[in-house]
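Trainee: I should like to learn how to read the features of a structure that is new to me. May we look at it together?

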Amino acid sequence: MAIKLYNTKVRKRVEFSPIDENNVQMYVCGPTVYDRAHLGNARPVIVFDTLFRLLRYTYGADHVTYVRNFTDVDDKINATALARQQAGAAGTLEDLIAERSEETIGWYLEDMAALGALEPTAMPRATQYIAQMIAMIEDLIAKGHAYVAEGHALFRVRSFTEYGALSGRSVDDMIAGARVEVAPYKEDPMDFVLWKPSSDDQPGWDSPWGHGRPGWHIECSAMALDLLGDAFDIHGGGNDLTFPHHENEVAQSTCAGHGFANVWMHNEMLQVEGKKMSKSLGNFFTVRDLLEQGVAGEVIRLVFLMTHYRKPMDWTDAKRAEAQKMLTDWFDILRKHGYSPKTVAQLKASGDWAADIELMGVLGNDLNTPGALARMHVLAKARTTFGLVPLAHALETLGLVSDWAVLDVSASPRDEIPDWVTVVIEQLIARRGAARASKDWGEADRLRDLLSAAGVQVSDVAGTASWSPGQDFDPSVLEELK
RNA sequence: GGCGAGUUGGCGGAGUGGUUACGCAGCGGAUUGCAAAUCCGUGUACAGGAGUUCGAUUCUCCUACUCGCCUCCA
């Protein structure tokens with residue numbers, strides 16, 4: 001199947017053709033591990049996880065290498081570690097930095113797993129690649145693309161004529177824009193740091209330029225080279241990284257004499273209720289915050305998939321509710337038609353587990369997830385277990401089902417409802433049943449209204465009443481009937 | 001200031017040089033004691049202006065508005 005991807009480098013969609021079909025390689029810039037992942041951090045994770053899944057479907061699960069790094073050299077991590085040390089925490093600063101990084105990485109993987117993201121093939125950390133970074137910097141200096149000044153190693157931007165090509169800028173224009181930091185030791189205001197000196201309360205490593213630590217950009221060049229080799233297929237990240245981060249990666253790797261990414265992909269930013277998510281606006285929250293509010297990871301993921309990755313995405317509570325309804329409807333249909341771990345295992349074993357070709361084609365068109373979801377609405381009209389396979393396959397492929405035993409994304413899953421609540425509800429339903437049997441409609445409706453006030457939806461299906469907790473489920477209303 | 005993205009029906013959101021998705025909400029009907037659920041039916045909307053064209057929402061230009069990046073925030 002042909003996959004088309006929008007390549008930032010050429011500003012258009014082009015047919016994807018991997019260097020090696022048996023080993024498709026993708027590098028995505030991962031998080032700086034200083035704190036819980038906020039909702040914006042989740043966008044590239046979900047976008048490129050979806051791409052990872054599509055590539056695995058197309059080329060085979062064992063033929064895709066996905067590298068996503070952890071940036072664990074960062075002043076914010078240092079600050080936390082230093083604060084802990086000053087508060088009396090045991091251990092060296094290095095220990096405390098490592099501790100903070102490990103803690104954050106654990107949270108990150110846990111939260112992203114809740115969003116249905118597969119773990120990348122490799123998750124290198126900057127601190128594991130200091131030697132490779134130093135080697136690359138030495139190489140750049142030897143080739144005249146970098147220089148040393150006051151304990152810093154700096155990249156000489158003017159030595160790379162293509163600088164700015166990826167992000168569509170020119171060095172002269174940017175300097176004219178006059179928003180560049182001017183450090184006295186720089187030859188040119190646009191030159192960026194490859195290595196910088198560390199003080200005693202900052203982590204550091206010995207280098208030919210003194211005790212210090214790497215600049216931000218060099219880690220990705222070094223890790224991509226080490227793990228993916230001289231050239232690879234796809235490099236992804238948020239579009240805020242296009243400049244300077246990715247531009248600098250290209251400059252470093254190219255000037256060091258290596259190939260780099262063929263296709264550059266950038267996801268657009270996230271907004272919250274129409275505004276940029278920021279602490280100052282008070283609309284800042286983490287993935288964990290949402291999960292703790294009872295929003296299922298699958299619902300969060302679906303909200304992201306509802307917007308194409310190259311468009312700004314607005315997180316709104318209305319969309320959260322819409323996504324929840326979509327998933328609930330699909331899960332209800334599948335459950336009604338016997339979908340369970342056993343059924344799915346049987347379908348897979350019998351070879352009946354197959355994708356909808358049209359849907360995969362839509363998805364392959366630059367990751368058109370909204371288009372794929374539209375197709376799923378059509379697939380959901382099937383009314384047999386077998387006929388629903390394409391829908392089920394799509395849900396699994398898009399990472400919207402992690403466990404076929406749990407087809408429930410309600411904020412109050414049935415198995416979490418206290419026993420006394422169930423007892424009260426079932427008593428009321430029984431009384432209503434008796435009232436209906438004697439055609440006392442007034443009493444029957446009164447009882448249903450009572451349940452309705454507690455957010456319990458009562459339906460009479462085939463002569464018997466069933467109930468389910470709704471969005472506004474609030475058992476406290478039933479307290480006095482206990 | 002520099003660079004870039006966007007503006008589609010009540011809402012969300014694809015797509016296309018001509019047959020105008022899809023979902024939600026709404027409306028009408030079936031069904032129901034009444035509901036819910038379900039099913040059937042129902043909406044020519046593409047920011048404004050000019051141009052190219054037999055024909056533009058889709059291509060070009062201009063205008064307005066929104067947003068992002070330029071600050072180790074994805």
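Mentor: Let us begin with a pair of helices. Helix 13 (residues 369-379) packs against helix 14 (residues 389-397) at an angle of about 150°, and their axes lie 9 Å apart. This is a predicted model, in which local features need pLDDT of at least 70, side-chain atom pairs count only at pLDDT 80 or more, and totals for chains, interfaces and linings use all residues. Residues are numbered from 1 along each chain as its sequence is written, while chains are lettered from A and ligands numbered from 1 in the order in which they are written.

Trainee: How is the packing of helix 13 and helix 14 to be read?

Mentor: Two packed helices are described by the angle between their axes and the distance between the axes. Axes are lines fitted to C-alpha atoms, for helices over the stretch in contact, and angles run from 0 to 180 degrees between N-to-C directions. Helices (H or I, at least four residues) and strands (E, at least two) are DSSP runs, numbered from the N terminus. The angle at hand therefore makes helix 13 roughly antiparallel to helix 14, a term for angles over 145 degrees.

Trainee: Which residues make the contact between these helices?

Mentor: Helix 13 contributes A372, M376 and L379, and helix 14 contributes P390, L391 and A394; contact requires C-beta atoms, placed from the backbone, within 7 Å.

Trainee: How is a sheet to be read?

Mentor: Strands of a sheet pair through backbone hydrogen bonds, either parallel or antiparallel. Here an open sheet of four strands has the order 5-6-7-8, and its pairing is antiparallel. Two strands pair if DSSP finds at least two bridges between them.

Trainee: Which strands stand at the edges?

Mentor: Strand 5 (146-149) and strand 8 (212-214) do; each has a single partner strand, so one side of each is left without a neighbour in the sheet. On average, neighbouring strands of this sheet are turned by 20° against each other, direction ignored.

Trainee: How many bridges join strand 5 and strand 6?

Mentor: Four bridges join strand 5 to strand 6 (residues 152-155), and A149 has H152 as its bridge partner in strand 6. Strand 6 pairs in turn with strand 7 (residues 192-197) over three bridges, where F155 is partnered by F192. Strand 7 and strand 8 are joined by three bridges, and the partner of K196 in strand 8 is R213.

Trainee: How many helices and strands does chain A hold?

Mentor: Chain A has 16 helices and 15 strands.

Technical notes:
Angles under 35 degrees count as roughly parallel, over 145 as roughly antiparallel, 65 to 115 as roughly perpendicular and the rest as oblique. Two residues are in contact if their C-beta atoms, placed from the backbone, lie within 7 Å.
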